[in-house]
Amino acid sequence: MSIPGLHLTQIGRGDFLLDPSKSLNIRDSDRLIEDIAAHLLQARATRLYYDLSDLSLIDPLYYAWLDALARAVQAVNVTMICINMQPTAAFALSKFLKKMPSFQTALGIESWRE
């Protein structure tokens with residue numbers, strides 16, 4: 001599945017990788033979230049890995065996008081795991097978090113499965 005600004009690829013039985021590009025426009029998050037959740041529901045997904053390797057900073061707007069996406073996919077019984085977060089992005093995220101995020105984090109796909 002390809003939506004402008006991201007790629008959603010099945011990488012295993014029930015596992016999907018969401019790979020955003022620099023052209024991802026999160027200002028239209030409602031439409032994006034509906035499309036992603038509908039595709040995951042139709043494919044009977046169980047896990048969504050969100051690759052943050054190309055994102056050097058997470059600001060409150062991007063965090064709101066991640067949180068909204070994680071909550072939407074949880075509604076269709078999919079766990080969202082953010083992977084490959086750069087240290088600068090993790091540090092920025094930790095500065096404004098007030099509660100536990102609605103998504104999990106891991107160094108990579110293999111480290112989450114261990």
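This is a guided tour of one predicted protein model, stop by stop.

Residues are numbered from 1 along each chain as its sequence is written, and side-chain values use heavy atoms, with hydrogens and water left out. Because the model is predicted, local features need pLDDT of at least 70 and side-chain atom pairs count only at pLDDT 80 or more, whereas totals for chains, interfaces and linings use all residues.

**The whole chain**

Begin with the complete protein in a cartoon representation. Four helices and six strands should be visible; helices (H or I, at least four residues) and strands (E, at least two) are DSSP runs, numbered from the N terminus. Traced from the N terminus, the elements follow the order β-β-β-α-β-α-β-α-β-α.

Next, display the C-alpha atoms alone. Along the principal axes they fill a box of roughly 35 × 35 × 25 Å. The radius of gyration is 13 Å, which agrees with the value near 13 Å for a compact globule of 114 residues. That radius is taken over C-alpha atoms, and the globule rule is 2.2 Å times the number of residues to the power 0.38.

Then switch to a surface. The protein exposes about 6,600 Å², of which carbon and sulfur atoms supply 53%; accessible areas come from the Shrake-Rupley method with a 1.4 Å probe, and for residues only the protein chains shown count as cover. Of the 114 residues, 41% are buried. Buried means under 20% relative accessible area, exposed over 50%, and partly exposed in between (1.4 Å probe, protein chains only).

Contacts complete the overview. Among those with a separation of 6 or more, 70% join residues 24 or more positions apart, where contact means heavy atoms within 4.5 Å.

**Helix 1 against helix 2**

Select residues 29–42 for helix 1 and residues 60–75 for helix 2. Their axes come within 10 Å and cross at roughly 35 degrees. The axes are lines fitted to C-alpha atoms, for helices over the stretch in contact, and angles run from 0 to 180 degrees between N-to-C directions. The crossing is right-handed: a crossing is left-handed if the near helix is turned anticlockwise from the far one by less than a right angle, and right-handed if clockwise.

Which residues of the two helices meet? Show side chains for Ser29, Leu32, Ile33, Ile36 and Leu40 in helix 1, which meet Trp65, Ala68, Leu69, Ala72 and Val73 in helix 2. By class, this contact has nine nonpolar residues, one polar and no charged. Ala, Val, Leu, Ile, Met, Phe, Trp, Tyr, Cys and Pro count as nonpolar, Asp, Glu, Lys and Arg as charged, and the others, Gly among them, as polar.

Centre the view on Ser29 in helix 1. Ser29 has a relative accessible area of 18% and is therefore buried. Its C-alpha atom is 6.7 Å from that of Trp65, 36 residues apart in sequence.

For another pair involving helix 1, select Ser2, which belongs to strand 1 (residues 2–3). Ser2 counts as exposed, at 55% relative accessibility. Between the C-alpha atoms of Ser2 and Ile36, 34 residues apart along the chain, the separation is 9.9 Å.

**Two loops with positive phi**

Most residues other than glycine have a negative phi. Move to Arg44, in the loop between helix 1 and strand 4 (47–51). Arg44 is not a glycine, yet its phi is positive, about 55 degrees. Is Arg44 buried or exposed? Its relative accessible area of 73% makes Arg44 exposed.

Asn77 is the next selection, in the loop between helix 2 and strand 5 (79–83). Its phi is near 60 degrees, again a positive value in a residue other than glycine. Asn77 is exposed, with a relative accessible area of 66%.

**Thr79 and Ser56**

Select Thr79 in strand 5. At a relative accessible area of 28%, Thr79 is partly exposed. Apart from neighbours within four places in sequence, Thr79 is in contact with Thr46, Arg47, Leu48 and Gln104. The C-alpha atoms of Thr79 and Gln104 are separated by 8.0 Å, with their positions 25 residues apart along the chain.

Finish at Ser56, in the loop between strand 4 and helix 2. Ser56 counts as partly exposed, at 39% relative accessibility. Leaving aside neighbours within four places in sequence, Ser56 is in contact with Gln86, Thr88 and Ala89. Ser56 and Thr88 are 32 residues apart along the chain, and their C-alpha atoms are separated by 5.9 Å.
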